[in-house]
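Trainee: I am new to this one and would love a close look at a single part. Please walk me through how a pair of neighbouring helices is arranged.

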Amino acid sequence: MKEANKIAKNIIDISGIDVFDNSRKRKYIEMRSLLTFILRHHCNMKFKEIKNFYEANGKSYDHATAIHSLRAFEMHRRYN
């Protein structure tokens, strides 16, 4: 979790977008997708661990949302 917190902080610092805000605006969704991708592929976190990480930081999230976010990241990456 310590590494995940550092990654989230770096994304927030670089983008200026709080990924734990309960906004549904596209820029927030894309940054959450990026964070989910990094947590899943570089930190080897399971979807339930990702869910718990978001919830520990005040964002309502579940494992199905994490799966959808990860799939959507491929589209965001391709078109941005």
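Trainee: Are α1 and α2 roughly parallel or roughly antiparallel to each other?

Mentor: Happy to help! This is a predicted model, in which local features need pLDDT of at least 70 and side-chain atom pairs count only at pLDDT 80 or more, while totals for chains, interfaces and linings use all residues. Residues are numbered from 1 along each chain as its sequence is written, and side-chain values use heavy atoms, leaving out hydrogens and water.

Now to your pair. Helices here are DSSP runs (H or I, at least four residues), numbered from the N terminus. The axes of α1 (residues 2-15) and α2 (residues 26-41) come within 11 Å and cross at roughly 150°; axes are lines fitted to C-alpha atoms over the stretch in contact, with angles from 0 to 180 degrees between N-to-C directions. The two helices are therefore roughly antiparallel to each other, a term for angles over 145 degrees.

On the α1 side, the contact (heavy atoms within 4.5 Å) is made by Ala 4, Ile 7, Ala 8, Ile 11 and Ser 15. From α2 come Met 31, Leu 34, Leu 35, Ile 38 and Leu 39. By class, that gives 9 nonpolar, 1 polar and no charged residues.

Both helices also help cover a neighbour: what covers the buried residues of α3 includes α1, α2 and α4 (63-79). Those buried residues (under 20% relative accessible area, 1.4 Å probe, protein chains only) are Phe 47, Ile 50, Lys 51, Phe 53 and Tyr 54. Turned away from the buried side of α3 are Lys 48 and Ala 56, which are exposed, meaning over 50%.

How values were computed: Parallel < 35°, antiparallel > 145°, perpendicular 65-115°, else oblique. Nonpolar A, V, L, I, M, F, W, Y, C, P; charged D, E, K, R; others polar.
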